[in-house]
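Visitor: Could you give me a close look at one part of this assembly, and tell me how it sits in its surroundings? A few words on any odd spots in the backbone would be welcome too.

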Amino acid sequence: MMRRRLFSSRGNGYGGGRRFGSPEMRNPERELFLFQRRLAVAGVLVLLAFCGLFARFVYLQMFQHEHYSTLAESNRIAIVPIVPNRGVITDRNGIVLAQSYSAYTLELTPARIANLEATIDALAEIVDVQPRDRRRFKKLLEESKNFETLPLRTRLSDEEVARFAVNRYRFPGVEIKARLFRQYPYGEIASHVVGYIGRINEHDVERIAKWEAGPNYKGSDYMGKVGVELSYERELHGTTGWEEVEVDAAGRAVRTLSRTPPASGNNLRLSLDIKLQEAAEAAFGDRRGAMVAIDPTTGDILAFISKPGFDPNLFVDGIDSVSWAALNESPDKPMLNRPLRGSYPPGSTIKPYLALAALTSGKRNPQQSTFDPGFYQLPGSSYRFRDDKPGGHGTVDMYKSIVVSCDTYYYTLAGETDIDDTARFLAQLGFGHETGVDIEGELTGTLPSRDWKRRRFADKQYREEHRKWYLGDSISAGIGQGYNSFTPMQQALAIATIANNGVAFVPHLVKSVVNLKSGEERLIAPQPSHTIAAKAEDIAVIRNALVGVNKEGTGAKAFLGAKYVSGGKTGTAQVYSLKGEKYSASKIDERLRDHAWFVAYAPADKPRIAVAVLVENGGFGADAAAPIARKVFDYYLLGVTEPGPAPAHLPGTKETEDESD
Amino acid sequence: MAELLFRTWEALTRRIDNFLFGCALALVGVGLVTLFSATDQSVTRVTTQLFSFGFALVLMWLVANIPPQTIARAAVPLYVLGILLLVGVAFFGVVVNGSRRWLNLGFARIQPSELMKIALPLMLAWYFQKFEGRINWKDFAVAAVLIVIPVYLIKRQPDLGTALLIGASGCYVLYLAGLSWKVIVGLAGLAAATGPYVWAHLHDYQRERILTFIDPTRDPLGTGYHSTQASIAIGSGGVIGKGWLNGTQTHLDFLPERHTDFIFAVFGEEFGLIGNGLLLVLYLLLIGRALVITANASTLFARLMAGAVTLMFFTYAFVNMGMVSGLLPVVGVPLPLVSYGGTALVSLFIGLGILMSVQAHRKLITT
């Protein structure tokens, strides 16, 4: 009580003193009034401020409610793609060439890891990390965007997964994921056909955008890069499924709201016979070259060889830089798809087609003969177009011209034929344009014509005389040299078309696309694409001559003792122009030696297989290429795996100069 | 027996202002209910908060029973202690998140700026009371210095938000003590004029906060994240709210600091505009009652102290809700009586205790 009074007396004891601002006010009542007025002002301000808040709430919760609801929903709901299983690729008999399997990978998110090197070092103590893995990771890192998650190791063993799980807390930004991988059980065999898949890069993103398939690739990290893996990518990929999940702020799925399951990709049944492919690759040995085998009655590609090949398994989880450099810089060009992208002068293999053109146009009949003195001269010129046989073949009719591969016969024919007519005829057989085979990257080769030459030399650096077509050009083209240049794929299609009596198919590596779910099987190019403009009896003349080649001509040695009748034609594509000198394989650097061609089909009466074989720098077609075709036929028609004599494949071991190809 | 119990109850609650206490209780109740949801139904958190509440009640009761003049005696020692501790922080403080705000006393870590929230208005009220009746411009100058010292020290930590709030509590006292309107308007003008200068001297993170406040979408994953997510939470709540425990923003972790500074977003999301309106009414009732108590206070010290406590209570509520709903920049201010946190709850109930003390000791003086 005392204290209270004391306080109150002090509290109420007003001294004199000037008041700041209003010195005359001393009255306690007046003071209390002034104080209360200030308090009232404050109270009004409080009320106004709360009204302001309420107005804000009204704005947010009534007028902007819809907007914020949408935002909250999109916060809450994440659409998680479910990547479909990629289709399986089998050969025509159902043997698996590419399949997917699920495996654990160790993945790092570089953006979340402070010291990448130290983290990888520490990880190496727990799981096996090879220098190859580090190199590959480094390459991926260079190509990747900031927030991507990149695999360091793939195919972890169960033990490694367990060991990492225990140590997981030590590695923020490192996780184990189950991913689908691709495996190619046959490795290098048919690698150029099957191709491989790889991580989707910027170029692929563009491709996907062009397909307007962007949404279907959400969540997909891999896609086909080459071969049928690429060309049938959209069949193999399948339809991505979706899961609507509720996520928290950290992006963790809390629960699933709805689920649309993915649809697995379609399986591919190739027209390829992998056993035949293996036999053919074995027949090549370690030589470089290409071979395409076609079933003439369907256009099915039975074998498709590009030697050397590569192991597609290397590419699946990203190839490391050392392996890549080895493949990419090899002078043997293992990454080059030779049947499609190797373009070689056809040499003498063009002769049957030119003969057929002459029969069709009426420029020749089968019996009409030409005398071959061993060379050909244009009227009014002293330059001699040399025949391979120095003394000449004497009197040569059409049959003989093909069987012995007489150059002079064709020089003469070319001299009488307009190049444009020739080009038009040859185009029907598939030359000079894409064959339409179902993998990407096909070259058109060169089928010379006046128009072609004009376009080829259209640039300013060339003069009019470069663009003009000369008769000399026609003469070179007449034996498949000069400007002519065809791909093995085109050659195979042409010989298959002849073997099928002029009825052509679009060649295809994929026989059918199989929908796993419905079991429905869709055939690829089952119908002939066109029939060439040639009479059946003319084709029969040519086929008879081709059989003659393998019976008594340039192919006879390779087909000695064959249990079937076959037709074929050898050819030699010059790499190095000898300018009238005699060709001596032993004198020339191996890489400058001629390429050996052989085109053939069998059995002669009812062909089931047609092939085009090219052996790079193999020398004469009869020696290097024909024996490979023999082995392939023996295997395909008779099931014989070790047929005939081994091909003489080491050029320089014997002189071949007096042999015609 | 019943008589005894009744008398004891009577004695215990004699100083308790029922209206004020009822409002506070309702707000704490809202806080606990929201906290349960915000912590994903954590009984531990709710229990902890209940214990803090119990402790705060005891302190409130104690303070309510202390006459204002006794409280006034603590003014100078508390203020001096506060300043010393702030200086101590400047020299020996513990750095947390880039700010030197804490002082390690060995047995506990304290944040002296919290003490200053009460010590500064107390000191100013004491000072003006001391010179009551003869307050002149010099006293306001001295008071300004008393304000500037702690504000400067806290701003240096750096903790601009707290510095401004403590500065505001000082200014409320100056205003209620009768600072001339001319000076107030003049200072406001000066503040506006020096704005660009202040801007130049702000820390980057402070500028960033202000820029983000102006446009939260500037940096939706960084400093704008809090603001953006809180607006989404409140806005998506709509008029009737998503219902208790049903806020998606809350339960899927999108709201940061949702049981402390951003608890209002949880409330707004789950209880909607209706809930928000009721909450505002509760605060208005509490503040209105506090203003009435202040208006009827008998001494200058009591008036100034009660007025400062009332206006600070309002300031915290306004700044917090304004910040959470995107009206104001993000500063670390809890929602009074609702946010989780023992220290704030205790300070607030001490403030309520002061108001009750002022109210309870009124009659003896006016007669």
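Guide: Gladly, and let me start with an odd spot: Pro308(A) is in the loop that connects strand E12 (300–307) to helix H12 (313–316) of chain A; here helices (H or I, at least four residues) and strands (E, at least two) are DSSP runs numbered from the N terminus. This is a predicted model, in which local features need pLDDT of at least 70 and side-chain atom pairs count only at pLDDT 80 or more, while totals for chains, interfaces and linings use all residues. Residues are numbered from 1 along each chain as its sequence is written, with chains lettered from A and ligands numbered from 1 in the order in which they are written.

The peptide bond that leads from Lys307(A) into Pro308(A) is cis, and its omega is near -5°. A cis bond also links Ala602(A) to Pro603(A), with omega about -15°. Pro603(A) belongs to the loop between strand E22 (595–602) and strand E23 (609–615) of chain A.

Chain A also has non-glycine residues with positive phi. Most residues other than glycine have a negative phi. Ser405(A) is not a glycine, yet its phi is positive at about 60°. You will find Ser405(A) in the loop that runs from helix H16 (398–403) to helix H17 (407–416) of chain A. Ser405(A) has 31 other C-beta atoms within 10 Å and therefore counts as buried (20 or more such atoms; exposed means 12 or fewer, partly exposed lies in between, and C-beta atoms are placed from the backbone). Ala525(A), again not a glycine, has a positive phi of about 45°. Ala525(A) occupies the loop between strand E19 (521–523) and strand E20 (530–531) of chain A. Ala525(A) is partly exposed because it has 19 C-beta neighbours inside 10 Å.

Now for the close look, which takes us to chain B and its helix H2. Helix H2(B) covers residues 18–38, and its 21 residues should span 30 Å at 1.5 Å a residue (1.5 Å times one less than the number of residues). The C-alpha atoms at the ends of H2(B) are 29 Å apart, so the model agrees with that expectation. Just after H2(B) comes Asp40(B), with a positive phi near 55°.

Which residues of H2(B) are buried? Toward the start of the list are Leu20(B), Cys23(B), Ala24(B), Leu27(B) and Val28(B), and it goes on with Val30(B), Gly31(B), Thr34(B), Leu35(B), Ser37(B) and Ala38(B). Among the elements that cover these buried residues are helix H3 (43–64), helix H12 (248–251), helix H13 (263–295) and helix H15 (342–360) of chain B.

H3(B) deserves a look of its own. H2(B) packs on H3(B) at an angle of about 160°, and their axes are 9 Å apart (lines fitted to C-alpha atoms over the stretch in contact, with angles from 0 to 180 degrees between N-to-C directions). The pair is therefore roughly antiparallel (over 145 degrees). From H2(B), Val28(B), Leu32(B), Leu35(B) and Phe36(B) meet Arg45(B), Val46(B), Gln49(B) and Phe53(B) of H3(B); contact means C-beta atoms, placed from the backbone, within 7 Å. By type, the residues of this contact are six nonpolar, one polar and one charged (nonpolar: Ala, Val, Leu, Ile, Met, Phe, Trp, Tyr, Cys, Pro; charged: Asp, Glu, Lys, Arg; polar: the others, Gly among them). Val28(B) and Leu35(B) appear in this contact and also among the buried residues of H2(B).

Stepping back, chain B contains 16 helices and three strands. Of its 367 residues, 51% are buried. In chain B, 70% of the contacts between residues at least 6 apart in sequence join residues at least 24 apart. Chain A has 25 helices and 23 strands, and 43% of its 661 residues are buried.

Finally, the two chains meet in a contact that takes 47 residues from chain A and 49 residues from chain B. On the side of chain A that touches chain B, two or more residues come from each of helix H1 (2–12), helix H2 (28–63), helix H3 (65–76) and strand E8 (241–247) of chain A. H2(A) gives the most to that side, with 18 residues. That side of chain A divides into 23 nonpolar, 14 polar and ten charged residues.

Methods:
Angles under 35 degrees count as roughly parallel, over 145 as roughly antiparallel, 65 to 115 as roughly perpendicular and the rest as oblique.
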